[in-house]
Amino acid sequence: MAAEKLRDLSQPIDVALLDATVAAFYGTGSKEERTAADHILRELQNNPDMWLQVVHILSNTQNLNTKFFSLQVIISIFCHYHFEQYHVFKCQAYENGFISSVQVLEGVIKYRWNVLPVEQRDGMKNYISDVIVKLSSNEASFRQERLYVNKLNIILVQILKHEWPARWRSFIPDLVTAAKTSETICENCMAILKLLSEEVFDFSRGEMTQQKIKELKQSLNSEFQLIHELCLYVLSASQRTELIRATLATLHAFLSWIPLGYIFESPLLETLLKFFPVPSYRNLTIQCLTEVAALNFGDFYNMQYVNMYNIFIVQLQTVLPTTTNIPDAYANGSSEEQVHKVLVMHLFRIWHCSSLPFTRQFHIRVLESTQENINSLLMGLEYLINISYVDDTEVFKVCLDYWNSLVSELFEANHNLENANMMGMHVPLLGMVDGPGTQLLQRRQLYAGPMSKLRLLMISRMAKPEEVLIVEDENGNIVRETLKDNDVLVQYKIMRETLIYLSHLDHDDTEKQMLKKLSKQLNGEDWTWNNLNTLCWAIGSISGSMMEDQENRFLVMVIRDLLNLCEITKGKDNKAVIASNIMYVVGQYPRFLRAHWKFLKTVVNKLFEFMHETHPGVQDMACDTFLKIVQKCKRKFVIVQVGENEPFVSELLTTLPTTIVDLEPHQIHSFYESVGHMIQAEPEAKKRDEYLQRLMDLPNQKWAEIIGHARGNVDFLKDQDVIRTVLNILQTNTSAATALGTYFLPQITLIFLDMLNVYKMYSELISSGIAEGGPFASKTSYVKLLRSVKRETLKLIETFLDKAEDQPQIGKQFVPPMMDPVLGDYARNLPDARESEVLSLFATIINKYKAAMIDDVPRIFEAVFQCTLEMITKNFEDYPEHRLKFFSLLRAIATHCFQALILLSPEQLKLVMDSVMWAFRHTERNIAETGLNLLLEMLKNFQNSEFCNQFYRSYFALIVQEIFAVLTDTFHKPGFKLHVLVLQHLFCLVESGSLTEPLWDAATVSYSYPNNGMFVREYTIKLLGASFPNIPSSEVAKFVNGLFESKADLSTFKNHIRDFLVQSKEFSAQDNKDLYAEEAAAQKERERQRMLSIPGLIAPNEIQDEMVDS
């Protein structure tokens, strides 16, 4: 009886009976009752008329689960039109409960709204609006159901993005009218407006098409007057704290984009400033003022701006007196002083790129106009200096962002004027009243005091550079750093840039402050590890910013004082800290060291001393610094200096055994690379070969000894200690080859054939071990050690061939002997015993010797292609190293030996194309990008070959299908740029005239198309129409036609595809930054070019071009 009553939907449903049924389903009844309740609820949910009862149910029930069920009814209505997604949505909602069901409903509206009939869309729109109004009209229900209301607000905004303004023109007037009926309704209306602004202006990129975004922005702008009047009315008339806070939050969301007249030509700013002293509104008021400060309004509103700033400063002095010790108040914030702490945090939000909210670089010059304004400006800077000393990393980061912005602007003004004069524009400098030079000087004098204090701040708080390996742990002990702190490295880069600008603004003050702090270290007045560290990190960070003469004089004093400090200071930890700082500083000034041989020699000998120091981290840092110095000063070590009997490199090679005696193997390898760079700088071949022979004497003696024993008894090579020694010798050779390149030829020739024999023997040992022990044998330490030797052998050969100059005789000497020991071994081996380095080695060889390798490609193809594909195509996880290297090899062949691909049989070419498509379908970004680049190479090469028609007839349609599949798949967004390039190539090709035969198969396609363009157009429309049934066919056709129309302009073509991806709803509500990665990379490169134009801004070791070394 009860069930029949519930099924009768011709009259309002019995809510009490429905509550009881839902309660039975959720566990209050017996098992039979639960089953019966489940059956009834499913019937109701599947009834297409049930959704008309939802408003009645939600209006009369207090049961949360019944409300949940009602929302499920709405979801089922939406999903009825896309049945394949219904089960997923329903399962998500049942599994996650009431709030999740609201989220599911939000998603359904977001993606499926337009498929509903008009009357149901209107009904849903009215229903959501009615529920929101009902719940927010009563104070008690509004507070009790706040989470529910918030979710409904989000749903309403999602509906608005579809309906407004075209199908709901009265929305803004209706909302404003409703807001005036009740303060709680008004509060919720503010929340809706805030959400709407955020959706349109903050989160719209990649969520909506560009046309839709433009339409919504225009509508909001045109109707903002009503919103503006409502906000001013609330702020002037209401006494309700929650409403005022909601209004301020809404204003904050709108201020960044509304017409400026609403801000500066109305009482809005005056009203906001009145709220600043009130603690409960201070946070939101500051956020609003920050948005105003960030606006670029030219000179039109300067008077209002200055007035606003001065009022703010006066109020700030009342809230936070200038005598307040801000760092202490922040650190020791008792309950009474907590206000200071909170206020400080609020201030940082304002000062992000703004000195107090009103000194952003667009406006700061306005405050430099009169003495009164200057006083306010300097007071603001003084506040920020004091706040910057607060011992809180997040607080300091915000302050640092501002300081970086300010000093960058001050420097750029000076730098641009200097550049104009260098280019012969003869801008008046000093001595001319009111000339640009005079104004610049006055401006620098104005900021001289704050900038001097800022230099001291930067020096005192300098972050640790990446090169420093010795740190103080939480127990106060000096230890070797084990993990890099990326946040600290980012902070160091910003501080370094800021200090470079400060140094350019006043070199003398920078030098004075640093030397003064250093003298306090020497006399013990200011001696602590941290003080010395931050000082030396700051000294190292300004390398290249001073004129050479000044830098030389400065460095002489710094290095002298640091060496003296090392001599007079006692204690192992103290000396380790000083040593670390000496090594960091000298490593940052290669220009100085090149100009001062005696200092260079002294520094290098000091590094050799540190290489015997066993304190953790000192030896590593000594070897790293030695390598960095040698790379920039290598010529100095191979010429006979004044007062010397022989080049330094010769002296070093004589004492080499004692110098490296205390170093670990990895440190010795670094040392050998450093000496290799020295030898590479020797211009005379005879001397160079002699130095190389002396350098490699120790490892060569050990190698000859091992090979000699092996010739007598091959089992000698199976001993684990011998294997480790062989590995170490090979690694030493690789380090030397990295530095020497072509000049390593005599050494590798000496060991090459023996090395291949060892490789072959160890490979056989590995194969037999895996054959006998199964897959787990490859995980044993013995097999891993053997494989390490094989890999290092391949790495050594690859390094030498890659670094060597393009000399064909080198390839002819080394490639043929490797064919069987390396390629043949790879083909014969078990999958688990194949080294991926074989693939990268032959990719390097083909990239190096290009077309000269065409004759060898069939053998390479035969040895690695089929067996590697069998390994990597079973799934997307096994043999990860083989995957990328295999496709890199294939790309090298396609790029440099394309003729070899043409000669493949159709079956073999199909295997290649299948593997390429498999590659760009891969979820691993590097593999997918390699596959796409390979595809592009092949498409271009085949277009220019005699097999163009044959190839594209076989693969054109398949490639289009596969590219659209990954393009619209969220797992492959990083490949967006390459997807677009492939599609552009295909659509340009089809109308270029290169294809002279039909792309379609006449045997299977009955209709004869007039041309290939029409075929591709219709094929693509059918493909996308079948894949996206939610998009009307007219829209799909419009998109495809747009592809043909925009194919010649890459930017337009790309934006057209982006809009389609948004329209398809495949990428909505996700992180879409990968769709804009190309633009981000271009911006990054422009920033690097800007930094290269400023002396010192790029660290010496980060500049790719070799510094002048003469």
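In which helix does I263 lie? I263 sits in helix 16, which covers residues 261-264; helices here are DSSP runs of H or I with at least four residues, strands are runs of E with at least two, and both are numbered from the N terminus. Before we go on, please note that this is a predicted model, where local features need pLDDT of at least 70 and side-chain atom pairs count only at pLDDT 80 or more, while totals for chains, interfaces and linings use all residues. Residues are numbered from 1 along each chain as its sequence is written, and side-chain values use heavy atoms, with hydrogens and water left out.

Let us stay with I263 for a moment. I263 has a relative accessible area of 0%, so it is buried (under 20% relative accessible area, with exposed meaning over 50% and partly exposed in between, using a 1.4 Å probe and protein chains only). Leaving aside neighbours within four places in sequence, its contacts (heavy atoms within 4.5 Å) are L255, I258, L268, L269, V292 and L295. From I263 to Q304 the sequence runs 41 residues, and their C-alpha atoms are 9.9 Å apart in space.

Now step back to the whole chain. It has 53 helices and 2 strands, and 54% of its 1110 residues are buried. Of the contacts with a separation of 6 or more, 74% are between residues 24 or more positions apart.

Helix 37 is a good one to look at in detail. It spans residues 697-712, 16 residues in total, and reaches 23 Å from first C-alpha to last, close to the 22 Å expected at 1.5 Å a residue (that is, 1.5 Å times one less than the number of residues). Its buried residues are P699, N700, W703, I706, I707 and A710. Seen down the helix axis, these fall within an arc of 130°, so they line one face of the helix; the arc is taken from the directions from the axis to the C-beta atoms. An α-helix has 3.6 residues a turn, so residues three or four places apart point the same way. The buried residues of helix 37 pack against helix 35 (665-680), helix 36 (685-695), helix 38 (720-740) and helix 39 (745-773).

Finally, turn to the largest nonpolar core (buried Ala, Val, Leu, Ile, Met, Phe, Trp, Tyr and Cys residues joined through side-chain atoms within 4.5 Å). Of its 320 residues, W403 and Y952 touch the most other members. Not counting residues up to four places away in sequence, W403 touches residues including L381, M451 and T498.
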